[in-house]
Amino acid sequence: MVMAIFIAAFPPLTGMNNYWVGILIFVGIHSMTTMGLSLLMGYAGQISLGHAAFYGIGAYSSGVLTTKFGIHPIGAFGFGILLSAAIAFLVGKPTLRLKGHYMAVATLGFGEIVFIFFNQLSSLTGGPSGLSDIPSLRIAGHPLEGKAYLYLVWAFVFLFLIFSLNLINSRMGRALRALHSSERAAGAMGVDASLCKLQVFILSAIYASMAGSLYAHYVTFISPSSFGLMFSILLLMMVVVGGTESIWGAMLGTAMLTLLPEYLRGLEDFEMLVYGAILTFSLLFMPHGVLEGARKLLIREEKEKAKDG
Amino acid sequence: MSLTSQIIQYFFTGLTVGSIYALVALGFTMIYNATGIINLAQGEFVMLGGLLMAFMILGPQIPLPIAFLIAILTVTLVGILFERLAIHPLPKASILTLIIMTLAGSILLRGVAMVLWGKDPYGFPEFVRGDPVQIFGATIQPQVFWILAITILVVFAVRFFFERTWIGKAMSACAFNPLAARLVGINVRFMVLLSFGLSAALGAIAGAMITPITLMEYDRGPLLALKGFAAAVLGGLGSGTGAIAAGFIIGVVESLGAGLISSGYKDALALLVLLFVLWVRPSGLLGSPEESELRKI
Amino acid sequence: MAEEILIVKGLSKFFGGLRAVDGLDFSLAEGRIQAVIGPNGAGKTTLFNLLTGFILPSEGSFFFIGKKLNGLKPHQIVSLGIGRTFQNLEIFSNMSVLENVMVGRHCRTRAGILSSGLRFPRMRKEEKAIRDRAMEELIFLGLERRVSRPAGSLPLGEQKLLEIARALATDPKLLLLDEPAGGLNIRETARLGEIIHRIRERGITIMLVEHDMSLVMEISDEVMVMNFGKKIAEGPPRLIQRNPQVIAAYLGEEVNHA
């Protein structure tokens, strides 16, 4: 079914101009990250306010290794994944034991520390002034740009989506949802809570890292400011506003919030205010996200029809 | 400057920022005690206090003491509004939702500050013009003494409030057992409101005091909140005394570290303390492990 | 001559000054149905929580099929063969009825993140086996028509049965039922008694905490009575009914049905 959607979407893409191509590339890259976050938050019921850190680790791994050490992008990509996974393991183990607020604050602190390191390790990362001249990806000598990159990114999104959906409808997915619902009962069914949470956390870090690497090769210039608190919060918002309980919700939220800055052209001063307002209203009136809100409306309509019928 | 003088200098700087952390930590503790929530918008109260003061003094040139009072009252009002609009309507919300709600509040407040004052840092002159004081070769600005004095005053006032006044004791009761508190007639919802108002006031005082020295900009909030929270957990979340002591400790250690070792990573120090406490000893230095178990750490 | 599969020696749990479970000694032979009764607060659910690893003993130990279980976590204990239900229902309301029971197979299956995400053939076979087994348990409990309903939408009686189906899916050798008749009417309770007998026919040993005395008298081979964390009597149901200490313990308590 998913394949059908993707194939149906391709023809319109060929006629698109560069502006929209750029935006869709970002929607794709962000989706890769938010899918992982959705698995962590929506399904496993944990929280991470520092995920920009993993995104940044992927980006900087790709950037630094390709520019400063001449390593092939695929190698750098792999290194980013390994580094993110390792850090996720080290950070996740003690953090996932914490309850609610403390986990939130711990991930917040973690994100900030990584941000500080990005800024301070300037011999490696270029510090606040950033890292430039990151090579674009090439296939058989031809640089991937514009529409080609769009296809690349969305191929990744597609694969991630399939993987995630498979996971949700599997033993692991049920274990995660069970944990979210009742950690006690899940334990009594054999679910090793700490192991499962850790695995999902590492997986979401890997998703973010891969997205970050693709980001680095696309924009060819990265600086720490893209990987700070606001981006972590933005990622969180995409998941929350779209709908924590479903991957589709996360993608919807991602699309909405990635497109949002485009509508705020000229109103940049109000950007943060708008984000805050959106998050607030979303929590107050649609705590399960836009997707769930829409679904509930449809279900109610169907119930009405069934009653009359 | 000799090493001793440097150390004394950093020590006083540490006490100065430490007071801010202490006040923020106290604010966290208050709200946590009354509601069990960690208010991620705590840092924004500080930011607003500072920026409001700056705005009133630089713009309409309102006399300092009056500006101080207005700033505090305004931010207290903001805190109360925040509780009414964002926390109060969600009594059955999951913890996750509440956390994100306070996060939303912090973004909203930052957004407002950005619209009103832009991204530039603002400052205003010290409370009382005066020459720096020399202590063993270290140069201390008079503002530092104001900060320390006011902080100590506030700490005693808060202690008095909690231990002597009826309202304060009621608030403590809510912390221990909201159901029992309700049963004996304490209006828990009002206590929640009050805790937000008081925390906001504390934050505003901190912001107003520190701005002459460090200036204030719209996005100083999150880092302050994180450091203040680090102090709150270090001192044992729930313990006001612990929070204050820990605030000063973190301030001093951070300042010494920045001065003697490296200033680029100085912010990371408090954050590492935070992670260490959360990961290794969540009950903090003064709290008890059983208590943290009860509080579901 | 049946083996003793559960041996409890001097098991105690203290919460500060409160002796929730105090020096408990007993054993359970394979294939038996033992009921644990006692006034509220006697320590019965604490006992279950100890046996399933949710809390750590303060003193004493317990052995299951010869293996000492002290200190093991719940997920480890369930893979060794002790399954349980909960006094206050803890079904997974965010999943369907079928999925709830499928989670019960977690401790007997192995697919990890990679094989699940990529849907390896081995994983697909395992998924089918999980689904089939879950259906079997649902049919056993008579819930087959509720398969795709959200678990939270079931009436209380059926939710209780769902918890049992889920616990059975873990392939337990010993099944701990914590107040399975709680909130059930007479008809449902009688049905529960039948089901418990059929579970025993499958070779599963059963221990249940219950307040409903008619059920207890009807189905148990032996009864253990607890009060203030101690065992005050044990034996066949008829004898327990007439035991003066037991009656004394219940005076001041409403007995459901004598």
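Colleague: What share of the 309 residues in chain A is buried?
Modeller: Keep in mind that this is a predicted model. Buried here means 20 or more other C-beta atoms within 10 Å of the residue's own. Over the 309 residues of chain A, the buried share comes to 55%.

Colleague: And how many helices does chain A have?
Modeller: Chain A has two strands, and next to those the count of helices is 14. As for the overall fold, the radius of gyration is 20 Å and the globule rule gives 19 Å for 309 residues, so chain A is as compact as a globular protein of that length. Back to your question: the helices number 14.

Colleague: What percentage of the chain A contacts with a separation of 6 or more comes from residues 24 or more positions apart?
Modeller: Contact means C-beta atoms within 7 Å. Take the chain A contacts with a separation of 6 or more, then keep the pairs 24 or more positions apart: that leaves 77%.

Colleague: Which chains share the most contacts?
Modeller: Two pairs of chains are in contact. Chains B and C are not joined by any contact, their closest C-alpha atoms being 10 Å apart. The pair with the most contacts is chains A and B.

Colleague: Which element gives the most to the side of chain B that touches chain A?
Modeller: On that side, 35 residues of chain B meet 32 of chain A. Elements giving two or more residues are α4 (95-117), α9 (221-234) and α11 (266-280) of chain B. By type, the residues on this side split into 29 nonpolar, three polar and three charged. The top contributor, with 15 residues, is α4(B).

Terms used:
Residues are numbered from 1 along each chain as its sequence is written. Chains are lettered from A and ligands numbered from 1 in the order in which they are written. This is a predicted model: local features need pLDDT of at least 70, side-chain atom pairs count only at pLDDT 80 or more; totals for chains, interfaces and linings use all residues. Helices (H or I, at least four residues) and strands (E, at least two) are DSSP runs, numbered from the N terminus. The radius of gyration is taken over C-alpha atoms; the globule rule is 2.2 Å times the number of residues to the power 0.38. A residue is buried if 20 or more other C-beta atoms lie within 10 Å of its own, exposed if 12 or fewer, and partly exposed in between; C-beta atoms are placed from the backbone. Ala, Val, Leu, Ile, Met, Phe, Trp, Tyr, Cys and Pro count as nonpolar, Asp, Glu, Lys and Arg as charged, and the others, Gly among them, as polar.
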